[in-house]
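This briefing is an introduction for a reader who has not met the structure before. The sequence and the model come first, and the notes follow, grouped by topic.

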Amino acid sequence: MPVVSGTRRAGDESGEPEQVLPGGFVTTVVRVGDTVRRATPANADFVRDLLGHLQARGWSGAPRDLGLDERGRQILTFIEGHVAWAPAQPASIGSDQCLAAVARLVRQFHDLTAGTAITDGQEVVCHNDLSPKNTVYRDLGEGFRPVAFIDWDIAAPGPRMHDVAHVCWQYLGLGRQLCDATEAARLVRLIADEYGLADRDGLVEAILWWQDRCWRGIEAAAHAGEPAMVRLEALGVVSEVQADFQWTARHRAVLERAVNRR
């Protein structure tokens, strides 16, 4: 059924059951038939324009925005696959091949936005929250591989390096999960290589920036009484991210040598 972006979708009162999807630590997300419903993001107009742009360019790596339902919630297409929201995951999700595919998928949507009006003069549009929890995987015969990214709520114009740095932190689990500095350095280099990142001098600094910004942001929002951030702080996320930051800072030289090696 054709839908005009930004309008209410007919048939929302059909009585289809709502299934709460796992992994919604900040926003409750439900599935209704072949759609997903979630609270409308603060930058809803930008997200709608971005997803519409990616759809128009024929990119299947993001959901389509179908407007609003009768309760004012954002309606997105449901992308079938495995979302890696739980701590324990199949080994193939952390494989070199899968990490390389993530980097290439990021490069695809960056390139589709580069040089367009939607970047507002910045290099590209960044997702700004890339992680396994926001990635849909499918087993294509050689283990799980990424096919799409979800949760575009905080997407915004920015430099390519911001998303690449976030991928390095979140997909590798720098600090808490991946504590071997030599292996971490190899994988950071792998991601940069597979993405094709030309200027790498500030990549490790950007990882540190994300980690520092994350724990400070959660702490500040929790102290301001935002319920989702209060929950995250109670779960110990602030301390965990601080530990990530400290680990990365300690091993910065090892990481930088690997990334910048010619």
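**Strand 3 and its surroundings**

Thr35 is buried, with a relative accessible area of 0%. The model is a predicted one, and these notes start from Thr35, which is placed in strand 3 (residues 35-38). From there they move to the sheets, the helices and some loop residues.

*Thr35 and strand 3*

- A polar atom of the Thr35 side chain lies 2.8 Å from the backbone oxygen of Val32.
- Strand 3 is covered on both faces.
- Thr35 and Arg37 are buried on one side of strand 3, and Val36 and Arg38 are buried on the other.
- Thr35 counts as buried because its relative accessible area of 0% falls under the 20% limit.

*The five-stranded sheet*

- Strand 3 belongs to an open sheet of 5 strands, arranged in the order 1-2-3-5-4 with antiparallel pairing.
- Strand 1 (19-20) and strand 4 (65-68) are the edge strands of this sheet, and each of them pairs on one side only.
- Strands of a sheet pair through backbone hydrogen bonds, in either a parallel or an antiparallel way.
- Strand 2 (residues 29-32) runs antiparallel to strand 3 and is joined to strand 3 by 4 bridges.
- Two residue pairs can be named between strand 2 and strand 3: Arg31 has Val36 as its bridge partner, and Val29 stands opposite Arg38.
- Strand 2 and strand 3 make a hairpin with 2 residues between them.
- Gly33, in the turn of that hairpin, has a positive phi of about 60°.
- On the other pairing of strand 3, 4 bridges join strand 3 to strand 5 (residues 74-77), and the two run antiparallel.
- Arg38 has Gln74 as its bridge partner in strand 5.

*The three-stranded sheet*

- A further open sheet is formed by 3 strands in the order 6-8-9, with antiparallel pairing.
- Its edge strands are strand 6 (82-83) and strand 9, each of which pairs on one side only.
- Strand 6 and strand 8 (residues 135-139) run antiparallel and are joined by 2 bridges.
- His82 stands opposite Tyr137 of strand 8.
- Helix 2 lies across strand 8 and strand 9, and runs at about 20° to strand 9.

*Helix packing*

- Two packed helices are described by the angle between their axes and by the distance between those axes.
- Helix 1 (residues 44-56) packs against helix 2 (residues 96-113) at an angle of about 100°, and their axes are 10 Å apart.
- Helix 1 is therefore roughly perpendicular to helix 2, since angles from 65 to 115 degrees count as roughly perpendicular.
- Helix 1 makes this contact with Leu50, His53 and Leu54, and helix 2 makes it with Phe109, Leu112 and Thr113.
- By type, the residues of the contact comprise 4 nonpolar, 2 polar and no charged.

*Thr28, in the loop before strand 2*

- Thr28 is found in the loop between strand 1 and strand 2.
- Thr28 counts as exposed because its relative accessibility is 55%, and the limit for exposed is over 50%.
- Leaving aside residues up to four places away in sequence, Thr28 touches Val20, Arg37 and Arg38.
- Thr28 and Glu205 are 177 residues apart in sequence, and their C-alpha atoms are 33 Å apart in space.

*Two aspartates with positive phi*

- Asp120 is part of the loop between helix 2 and strand 7 (124-126).
- The phi of Asp120 is near 55°, a positive value in a residue other than glycine.
- Asp120 is exposed, as its relative accessible area is 65%.
- Asp151 sits in the loop between strand 9 (144-149) and strand 10 (156-158).
- Asp151 is not a glycine either, yet its phi is positive, at about 60°.
- With a relative accessible area of 22%, Asp151 is partly exposed.

Methods: Residues are numbered from 1 along each chain as its sequence is written. This is a predicted model: local features need pLDDT of at least 70, side-chain atom pairs count only at pLDDT 80 or more; totals for chains, interfaces and linings use all residues. Side-chain values use heavy atoms; hydrogens and water are left out. Axes are lines fitted to C-alpha atoms, for helices over the stretch in contact, and angles run from 0 to 180 degrees between N-to-C directions. Angles under 35 degrees count as roughly parallel, over 145 as roughly antiparallel, 65 to 115 as roughly perpendicular and the rest as oblique. Contact means heavy atoms within 4.5 Å. Ala, Val, Leu, Ile, Met, Phe, Trp, Tyr, Cys and Pro count as nonpolar, Asp, Glu, Lys and Arg as charged, and the others, Gly among them, as polar. Buried means under 20% relative accessible area, exposed over 50%, partly exposed in between (1.4 Å probe, protein chains only). A polar contact is a pair of N or O atoms within 3.5 Å; within protein, one must be able to donate a hydrogen and the other to accept it, and residues adjacent in sequence count only if both atoms are side-chain atoms. Two strands pair if DSSP finds at least two bridges between them.
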